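Biologist: I should like to learn how to read a model of this kind, one feature at a time. Please begin with the structure itself.

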Amino acid sequence: MTARIIDGNALSAKLRGELAAKAAELTAQGTQPCLAVILVGGDPASAVYVRNKVAGCEKAGIKSLKFEYPQDAAPADVLGKISELNADPSVHGILVQLPLPKQFDEKAILEAISVEKDVDGFHAENVGRLSQGQEAFVPCTPNGVMEMLKSIDMPLRGAEAVVIGRSNIVGKPMAMLLTAAGATVTVCHSGTRDLNFHTRRADILVAAIGKPKFVTGDMVKPGAVVIDVGINRLPDGKLCGDVDFESAKDVAGAITPVPGGVGPMTITMLLANTVESATRAARKA
Ligand code: NAD
């Protein structure tokens with residue numbers, strides 16, 4: 001059996017087309033959605049992520065503002081910019097690209113962003129709202145995974161879902177979203193005793209570990225949906241996921257590739273959150 005490929009590029013293109021139409025409608029009504037991105041330091045991967053986010057905005061008719069700071073930037077300068085952007089009614093989303101240099105208190109920076117403009121969904125209040133099922137900005141990567149599951153009509157109520165990884169940006173919100181959708185969720189992590197026992201029971205297996213090709217075909221339940229969040233660079237420069245695609249695809253019922261899977265969906269959901277924020281602002285005005 002060879003798994004169905006869940007094509008993140010194709011799904012993104014469809015969703016981005018819909019978002020561009022919404023953005024054009026809002027712009028015509030006098031509210032062009034606008035995302036402000038703050039990049040601190042010279043991390044090459046971060047620079048690529050920011051470039052892709054800005055390009056995604058431009059293509060969808062979303063205005064983007066980019067603010068760059070050197071590696072030794074003073075946290076007070078970045079906090080000052082955040083409060084300026086918080087107060088600017090023409091800005092609907094604010095994103096600070098992580099990781100930040102060591103002189104920064106990441107938590108303090110994320111909490112400085114206004115909850116209404118926190119399109120990454122990392123602010124503690126948005127996390128709390130999400131956990132209580134209240135309206136919130138949902139972190140982009142797990143939100144993108146939910147869209148992928150929806151696109152294949154995966155029934156979630158009663159499904160056994162196993163998430164490997166418990167980070168604040170992927171694993172934890174992923175578990176919250178799957179729980180809210182009615183799945184029975186197990187979160188595995190570096191302290192899990194018998195990982196294979198859990199993964200082999202999963203109807204939906206989400207890998208967010210950060211270790212190349214960690215999940216192999218023998219860890220997958222036949223017919224399962226395998227979602228690979230990992231982005232790892234191999235010594236030859238190629239990208240690969242946390243799942244060993246070659247062995248897993250022969251066991252799984254559906255699988256996401258890397259590249260071209262969850263990656264493009266993350267940026268799509270960032271655009272969606274920005275358009276949603278602009279819609280809320282227009283409604284208020
Ligand atoms: P992280 O390092 O914060 O968390 C990794 C998690 O994996 C931890 O909770 C840890 O407990 C768990 N883990 C590590 N070793 C394990 C083991 N042997 N067995 C079980 N669990 C283990 O990473 P993160 O920020 O959640 O990112 C995970 C991966 O997803 C990375 O490859 C990252 O690049 C990628 N990522 C991709 C996107 C995207 O847009 N596709 C977005 C964010 C992160």
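Modeller: Helices are DSSP runs of H or I with at least four residues, strands are runs of E with at least two, and both are numbered from the N terminus. Please bear in mind that this is a predicted model. With that naming, Ala21 is found in helix 1.

Biologist: How far apart are Ala21 and Ala60 in sequence and in space?

Modeller: The two residues are 39 positions apart in sequence, and their C-alpha atoms are 8.0 Å apart in space. Ala21 counts as partly exposed because its relative accessibility is 47%, and the partly exposed class runs between the 20% and 50% limits. Ala28 also lies in helix 1. Its relative accessible area is 70%, so Ala28 is exposed. Ala28 and Val226 are 198 residues apart along the chain, and 41 Å separates their C-alpha atoms.

Biologist: Which domains does the assignment give for the protein chain?

Modeller: The assignment gives domain 1, residues 30-114, and domain 2, residues 140-263. Their C-alpha centres lie 29 Å apart.

Biologist: Which residues of the largest nonpolar core touch the most other members?

Modeller: The core has 51 residues, and those touching the most other members are Leu149, Leu178, Ile204, Val206, Val225, Ile227 and Val229. Helix 10, residues 262-284, supplies the largest share of this core, eight residues. The core lies between domain 1 and domain 2, because both give residues to it.

Biologist: What is Val229 in contact with, once its neighbours within four places in sequence are left aside?

Modeller: Val229 is then in contact with Thr141, Val145, Val170, Val206, Ala207, Ala208 and Val262. Val206 is also one of the residues that touch the most other core members.

Biologist: Which residues of helix 7 are buried?

Modeller: Helix 7 spans residues 171-180, and its buried residues are Gly171, Pro173, Met174, Ala175, Leu177 and Leu178. The elements covering them include helix 5 (124-131), helix 6, strand 5 (160-164), strand 6 (184-188) and strand 7 (204-207). After helix 7 comes Gly182, whose phi is positive, near 100°.

Biologist: Let us turn to empty space. How is it found, and how many cavities of 30 Å³ or more are there?

Modeller: Rolling a probe the size of a water molecule over the atoms shows where empty space is left. Here the count comes to one cavity of 30 Å³ or more. The largest cavity has a volume of about 40 Å³. Its lining consists of Ile94, Leu95, Val96, Leu110, Ile113, Asp118, Asp120 and Phe122. Strand 4, residues 93-96, contributes the largest share of that lining, three residues. By class, the lining of the largest cavity has six nonpolar, no polar and two charged residues.

Biologist: What lines the largest pocket?

Modeller: The largest pocket holds about 1,300 Å³ of space. There are 48 lining residues, and Tyr49, Thr141, Ile231, Gly263 and Thr266 lie nearest the pocket's centre. The lining divides into 26 nonpolar, 14 polar and eight charged residues. Helix 2 gives the most to it, ten residues. Elements that each supply at least two lining residues include helix 1 (8-28), helix 6 (140-151) and strand 9 (232-233). Each of domain 1 and domain 2 provides at least three residues of this lining.

Biologist: My last topic is the backbone. What should one expect in general, and which peptide bonds are cis here?

Modeller: Most residues other than glycine have a negative phi, and most peptide bonds are trans. In this model, a cis peptide bond joins Leu98 and Pro99, with omega about 0°. Pro99 lies in the loop between strand 4 and helix 4 (106-112). The bond from Val258 to Pro259 is also cis, with omega near 0°. Pro259 is placed in the loop between strand 11 (254-255) and helix 10.

Biologist: What is the phi of Asp153, and what is that of Lys213?

Modeller: Asp153 is not a glycine, yet its phi is positive, about 55°. It sits in the loop between helix 6 and strand 5. Asp153 is exposed, with a relative accessible area of 67%. Lys213, likewise not a glycine, has a positive phi of about 55°. Lys213 lies in the loop between strand 7 and strand 8 (225-228). At 42% relative accessibility, Lys213 counts as partly exposed.

Technical notes
Residues numbered from 1 in each chain as written. Predicted model: local features only at pLDDT ≥ 70, side-chain atom pairs only at ≥ 80, totals over all residues. Heavy atoms only, no water. Core = buried A, V, L, I, M, F, W, Y, C linked by side-chain atoms within 4.5 Å. Buried < 20%, exposed > 50% of the residue type's maximum accessible area, 1.4 Å probe, protein only. Domains from an automatic or database assignment. Contact = heavy atoms within 4.5 Å. 1 Å grid on protein atoms, 1.4 Å probe; cavity = no way out; pocket = protein on both sides within 12 Å on 5 of 7 lines; lining within 4 Å. Points joined across faces, edges and corners; volume = space filled by probe spheres on them. Nonpolar A, V, L, I, M, F, W, Y, C, P; charged D, E, K, R; others polar.
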